[in-house]
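Student: I should like to understand how the terms used for a protein structure are justified. May we go through one example together?

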Amino acid sequence: MKKLIRIGWVSILSVMLVACGTSNETSQGNESASNGEANGDVLTIRAGIGLNSEHPQYKGLEKFKELVEERSGGQMVVETYHSGQLGDDRSMMEALQLGSQEVTVPSTAPVANFVSEFSVFDFPFLFPSSDVADEVLDGDVGQALLQKLEEQNLVGLAFWENGFRNVTNSKRPIEMLEDFNGLTLRTMENDLHLEAFRALGANPTPMAFTELFTAMQQGTVDGQENPYATIYLEGYAEVQNHVSNTNHIYSPFVFMMSKPFFDGLTEEQQEIVREAALEASQYQRELNREANETYLSSLEEAGMTYTEISEVERMRMIEAVEPVIDKYAEQIGTDIVQAVYDAIEAAQ
Ligand code: KDG
C-alpha cells in the first residue's frame with residue numbers, strides 16, 4: 001500500500017429562515033410546499049451547502065435546480081441555500097436522516113462520521129489528479145461507498161468536487177515540514193485529518209466550516225486548509241497572510257438526498273433527481289477546476305504570499321503521514337483500501 005501511496009501523491013438559523021421564507025437566494029416558485037412533502041402537486045427540495053453563492057458548488061446546485069424543475073415540469077421545485085444558512089455539514093446530514101431537509105453536498109471528511117469507509121478518499125496524497133479522482137469516484141468502488149450511505153438513511157447520488165486542499169496561515173510561509181510546528185490549524189471534523197496534521201507537527205483543532213472565518217479573524221486559529229477557490233471566494237485573504245501548494249488532500253463532495261424523501265418519490269422522479277445530480281456534477285467539476293486554477297493568482301493579488309513546496313519537502317510530508325494512513329487503512333478495512341489503490345493504478 002505504501003508504494004501506491006507514493007505513486008499516488010506524485011444554523012439552525014436557516015430552519016427559521018425557511019420557516020419565515022426570508023432566504024434571499026432561494027427559488028421563488030413554491031411558497032406553498034414545505035418539508036419536502038407533496039403539497040398539492042408540488043414537491044419542494046431544500047438543498048443546503050456551507051460555501052457561499054459565488055462558489056462553483058452553489059453554481060452546481062443552481063444547475064441541479066434548473067434540470068430538476070425543467071424535467072419534472074414544475075412538479076418538483078428546488079430551493080437553494082448557501083453559506084450554512086441551513087446549518088453546518090453535520091447538522092444538514094442529520095436533517096436529511098430525519099427528513100427535515102432534502103439535499104446537502106458535504107465534503108467526504110464529515111461524511112466519514114456517518115460511514116467510516118469514506119475516510120479512504122481523504123487519505124493524504126492519495127489522488128494524483130482530479131481526472132484520476134473522477135474515475136475512481138465514478139467507478140465501482142466510489143459507487144459502492146455511495147450505496148453504503150443508505151444504511152444511514154441517506155442516498156448518495158453523485159460525487160462533485162471540492163478539490164485539492166492547501167494550507168494558509170497568518171504566521172509564516174510553509175515551505176518545509178518543520179514550518180508546521182506548533183501552528184494552530186482548523187481542520188474539518190474528521191479524526192484522520194486531525195491525526196494527519198498532528199503527524200505533520202501542527203496543532204489541529206476541528207471546527208465546523210461555518211465557524212472558521214471568525215476563528216481566523218479573532219486569532220483562535222492561526223490557519224486552515226481548503227482549495228484555492230474557497231480560500232479566495234470566502235475572503236480568507238483578509239485574515240490570512242500565507243498560502244502554500246501543499247495539495248495534501250483531495251476533497252470530493254458527496255451529493256446526497258434524504259432517504260425518507262427519496263423513497264417517497266415515484267420511479268420517474270427518482271430518475272430525474274439522479275440524472276440531474278450526475279449532470280450537474282460534470283458542470284460543477286468543470287467550473288471548480290477552472291476556479292481552483294484561477295484563484296491562486298487572485299490570492300497573490302489580494303496580498304497573500306505564495307510559497308511552493310519542493311518535491312523533497314513533499315516527500316518528507318508524505319513520509320510523516322504514512323503511519324496515520326496505515327492505521328486508518330486497517331480500521332477501514334484493507335479490502336476497500338486496496339480496491340481504491342487498484343482503481344487509482346488502473347486510472348493512471
Ligand atoms: O458545503 C460544503 C462545505 O460546508 C465544506 O465541506 C467545505 O471543505 C470544506 C470545509 O473545510 O469545511
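Tutor: Certainly. In this predicted model, an N or O atom in the side chain of R165 is 2.8 Å from an oxygen atom of the ligand.

Student: What makes this pair a polar contact?

Tutor: A polar contact requires N or O atoms within 3.5 Å. The R165 pair is 2.8 Å apart, so it qualifies.

Student: Which distances are found for N162 and R186?

Tutor: A polar side-chain atom of N162 lies 2.8 Å from a ligand oxygen, and for an N or O atom in the side chain of R186 the distance is 2.7 Å. Both values are within 3.5 Å, so these pairs also count as polar contacts. Taken alone, the ligand exposes 330 Å², of which the protein buries 98%.

Student: How many residues surround the ligand?

Tutor: There are 14, and the closest are G50, D89, S107, N162 and R186.

Student: Let us turn to the sheet. Why are strand 1 and strand 3 said to pair?

Tutor: Pairing requires at least two bridges. Two bridges join strand 1 (residues 43-48) to strand 3 (residues 103-104), so the condition is met. These two strands run parallel, and G48 stands opposite T104 in strand 3.

Student: What is the order of the strands in the open sheet, and which are the edge strands?

Tutor: The five strands follow the order 2-1-3-10-4, with mixed pairing. Strand 2 (76-81) and strand 4 (154-164) are the edge strands, each pairing on one side only.

Student: Which strands does helix 3 lie across?

Tutor: Helix 3 (residues 56-71) lies across strand 1, strand 2, strand 4 and strand 10 (250-258), and runs at about 170 degrees to strand 2.

How values were computed: Residues are numbered from 1 along each chain as its sequence is written. This is a predicted model: local features need pLDDT of at least 70, side-chain atom pairs count only at pLDDT 80 or more; totals for chains, interfaces and linings use all residues. Side-chain values use heavy atoms; hydrogens and water are left out. Helices (H or I, at least four residues) and strands (E, at least two) are DSSP runs, numbered from the N terminus. Contact means heavy atoms within 4.5 Å. Axes are lines fitted to C-alpha atoms, for helices over the stretch in contact, and angles run from 0 to 180 degrees between N-to-C directions. A residue is near a molecule or strand if one of its heavy atoms lies within 4 Å of it. A polar contact is a pair of N or O atoms within 3.5 Å; within protein, one must be able to donate a hydrogen and the other to accept it, and residues adjacent in sequence count only if both atoms are side-chain atoms. Accessible areas come from the Shrake-Rupley method with a 1.4 Å probe; for residues, only the protein chains shown count as cover.
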